[in-house]
Amino acid sequence: MKKTITILLCVMALCAGATPIDHLLERIDKGASSKFKIELVKSGQDFFELDQSGSRVVVRGNTWVNIATGINWYLKYHAGIHLTWNNMQAQLPSPLPRMAQRERHETNLKWRYDFNYCTFSYTMAFWDWERWQQEIDWMALHGVNMPLAIVGEECVWRNMLLKLGYTEEDIGKFIAGPAFLAWWEMNNLEGWGGPLPLSWYERQERLQKQILQRMKEYGMHPVLPGYAGMVPHDARERLGLDVADAGLWNGFQRPANLLPTDARFAEIANLYYQELTRLFGKADFYSIDPFHESNDDSRIDYGAAALALLRAMKVANPKATWVVQGWTENPRQQMLDVLEPKDLLILDLFSECRPMWGAPSVWRRPEGYGKHRWLFCMLENFGANVGLHGRMDQLLHNFQLTKSHPLASHLCGTGFTMEGSENNPIMFELMSELPWRSETFTKEGWVKSYVKARYGSDEPELQQAWQFLINGIYNCPLGNNQQGPHESIFCGRPTLNNFQASSWSKMRNYYDPASTLEAARLMNSVSERHRGNNNFEYDLVDITRQAIADQARIQYQLVVAAYKSASPPLFNEASERFMQLLSIQDELLATRKEFRLGRWLEMARSCGTTNEEKDFYEWNARVQITTWGNRYCADTGGLRDYAHKEWQGLLSDFYAPRWKAFFNHLRQDLEKMGKPNPDMLGTGVNSNKTADELFKMALPQEVLLDYYPMEEDWVLHHPHNYTANPEGNPVDVARKVFNLLTEEK
């Protein structure tokens with residue numbers, strides 16, 4: 001009995017003395033904390049060191065996050081273990097590979113930021129605490145010490161509006177649904193996707209408190225959402241406030257902007273911060289993005305607005321810093337002119353492509369951000385679209401430029417600002433290492449170490465496959481301003497001139513599709529030797545998926561050529577081949593939960609406490625990845641397919657029916673060719689047309705179908721019960737579909 005008590009007391013003592021790093025290591029692999037010696041050292045310099053003490057690997061640093069970064073570095077480059085979204089656990093070898101000598105990495109870039117507002121809706125809309133816990137561990141391992149933390153902002157607004165006299169019904173019409181909260185928070189829209197059930201507010205308040213507690217245990221500095229001047233669009237009538245009407249955003253009613261000269265501005269702002277502080281405490285940083293994606297308004301004094309917003313923030317916490325996104329017109333020059341450098345921190349949101357800080361770019365500001373501090377950020381992904389993508393040379397060049405460029409003198413950190421995460425881990429790995437590498441290096445040299453860490457193997461075929469990728473699809477060049485991945489042809493609404501799937505992607509061809517095909521061939525050629533390797537199987541599916549999508553784009557051109565050549569046999573053969581490629585893509589993606597629609601929908605449904613709530617959340621999830629809005633916002637506003645996904649289930653049940661309808665229409669059109677047309681014989685409705693009108697009719701015409709009804713029908717009525725459970729083995733299915741892809745036709 002005494003022995004049992006003694007053991008129990010020892011366990012309790014160990015738990016009581018455990019550090020956040022011990023808990024992190026145990027989540028990676030049970031017993032892992034005993035294999036490391038962790039040393040927290042006081043220092044004004046951000047650093048981590050790897051060392052050896054007897055049988056244990058020593059990781060020391062000046063913060064818990066920097067120590068976690070060191071652990072990740074050790075695992076990658078000394079143990080051949082790569083932890084990322086598809087694989088956050090590993091079996092650590094025993095004993096661990098020894099450190100032959102001390103290794104030290106330092107950085108002067110103090111702040112490492114994470115998240116875009118959009119990430120919270122496109123990727124994280126329905127995450128629970130278990131998934132958030134993994135993400136916070138990922139952040140720590142990748143050096144993030146300044147994460148945006150906006151979960152539960154709707155709880156603050158609900159309490160605030162109730163105190164201002166709004167009813168629950170009014171609030172339901174103002175606050176957006178769970179899949180669209182990001183755009184409500186950024187002042188883009190009101191109410192779409194709502195109203196939220198009361199149970200949602202309870203869930204999110206509880207979740208945000210868990211998130212903040214874990215972030216603070218790591219010593220992170222969460223960025224809470226500040227007050228940006230937003231009020232409901234009816235605030236003039238309801239509250240007697242002086243507001244600037246923000247109009248519409250892609251067809252949605254925008255909230256109004258409370259003018260800083262209004263006598264109640266300070267009262268409204270203070271009420272917001274009181275509720276925020278009561279629920280979630282104070283912060284060192286507040287994210288405030290006023291006038292987001294809006295035209296200049298002559299009624300607004302942007303300098304006065306900036307000072308009013310700053311004053312309100314300083315009442316909440318006099319020592320706090322305002323974090324603002326450097327995006328399109330923001331931050332306005334008038335705001336920069338009146339604010340002190342110590343009070344503002346700017347996220348240069350798209351530094352790898354359209355930097356605003358002073359590097360060559362279509363968005364270049366001649367004077368950069370002037371006296372203000374800023375972070376070099378990588379946006380990488382828009383809409384959480386699926387696809388391999390990166391700007392490796394541009395990223396490395398633009399970051400290297402900051403070391404000598406005069407406009408970069410106030411650079412003080414880096415950031416991940418993706419609209420959607422859980423994709424392209426290679427780009428996030430590269431970006432996370434930039435602050436810690438003092439030497440200049442090439443992507444070709446760096447990726448050799450990445451491949452070995454990623455798979456625990458250095459096979460020539462793996463290295464060759466990635467050399468094809470990093471010199472092709474992962475090397476989008478200067479001058480190409482497309483937003484994120486090269487979009488899959490399968491995901492676009494079918495026409496005779498399909499190229500991009502979403503309205504604003506700005507796609508332009510920049511790589512040879514033969515390169516992704518060869519990379520897929522090489523990966524499949526060694527797949528049997530890596531069966532069961534999680535990282536390899538994820539990449540095998542993703543790279544093979546990309547090869548199929550790229551070859552389908554070529555096949556689509558053959559379909560169009562056959563139609564325009566008026567050859568029914570060729571058209572039938574080409575269109576059937578296209579549909580076969582779509583089908584095998586669906587089969588391939590079924591093998592990984594990350595590429596299954598069911599994972600997204602199951603997360604959504606899990607948020608509900610009743611069947612009615614579960615259906616509501618699933619509707620939100622379905623709308624976001626398809627039509628995005630109602631008919632007007634989808635079609636005229638251009639939002640449809642912005643968040644398209646090359647996912648199993650969505651391919652077979654949403655995209656395939658559109659293509660079938662389109663091909664059937666073309667097939668019927670071909671069948672009419674050669675048959676007499678009464679209108680051309682002078683007896684039909686065209687008999688009185690002018691020569692010019694008849695000439696225009698004779699020109700090639702686009703074939704346009706009304707896709708919205710079938711899209712909305714899938715959103716509302718499709719009965720299929722999608723699951724996250726993988727079907728088939730990735731190695732076997734990838735080999736099968738690759739053989740079908742490359743078979744002679």
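Start with the inside of this predicted model: its largest nonpolar core takes in 251 residues. If you want landmarks to click on, try Trp132, Tyr227, Trp322 and Trp628, the residues with the most contacts inside that core. Helix α19, running over residues 534-564, gives the core its largest share, 13 residues. That fits a broader habit: nonpolar side chains in soluble globular proteins tend to be buried together.

Tyr227 is a handy place to zoom in. Leaving aside residues up to four places away in sequence, Tyr227 touches Trp157 and Met160, then Leu258, Phe265, Ile268, Ala269, Tyr272 and Tyr273, and finally Ile288 and Leu309.

Now zoom out to the whole chain. You'll count 27 helices and 17 strands. The radius of gyration is 27 Å, close to the 27 Å that the globule rule gives for 745 residues, so the chain is as compact as a globular protein of that length. Its C-alpha trace spans about 100 × 70 × 60 Å along the principal axes.

How is all that held in contact along the sequence? Take the contacts with a separation of 6 or more: 76% of them are between residues 24 or more positions apart. As for burial, 61% of the 745 residues count as buried, meaning that each has under 20% relative accessible area.

That leaves the outside and the charges. The chain exposes about 29200 Å², and carbon and sulfur atoms supply 52% of that area. On the charge side, there are 78 positive and 91 negative side chains, and the centres of these two sets sit 5 Å apart.

Technical notes: Residues numbered from 1 in each chain as written. Predicted model: local features only at pLDDT ≥ 70, side-chain atom pairs only at ≥ 80, totals over all residues. Heavy atoms only, no water. Helix = DSSP H or I, 4+ residues; strand = E, 2+ residues; numbered from the N terminus. Rg over C-alpha atoms; globule rule 2.2 N^0.38 Å. Buried < 20%, exposed > 50% of the residue type's maximum accessible area, 1.4 Å probe, protein only. Contact = heavy atoms within 4.5 Å. Areas by Shrake-Rupley, 256 points an atom, 1.4 Å probe, with all protein chains shown as cover. Lys, Arg positive; Asp, Glu negative; His and termini not counted. Charge placed at Lys NZ, Arg CZ, Asp CG, Glu CD. Core = buried A, V, L, I, M, F, W, Y, C linked by side-chain atoms within 4.5 Å.
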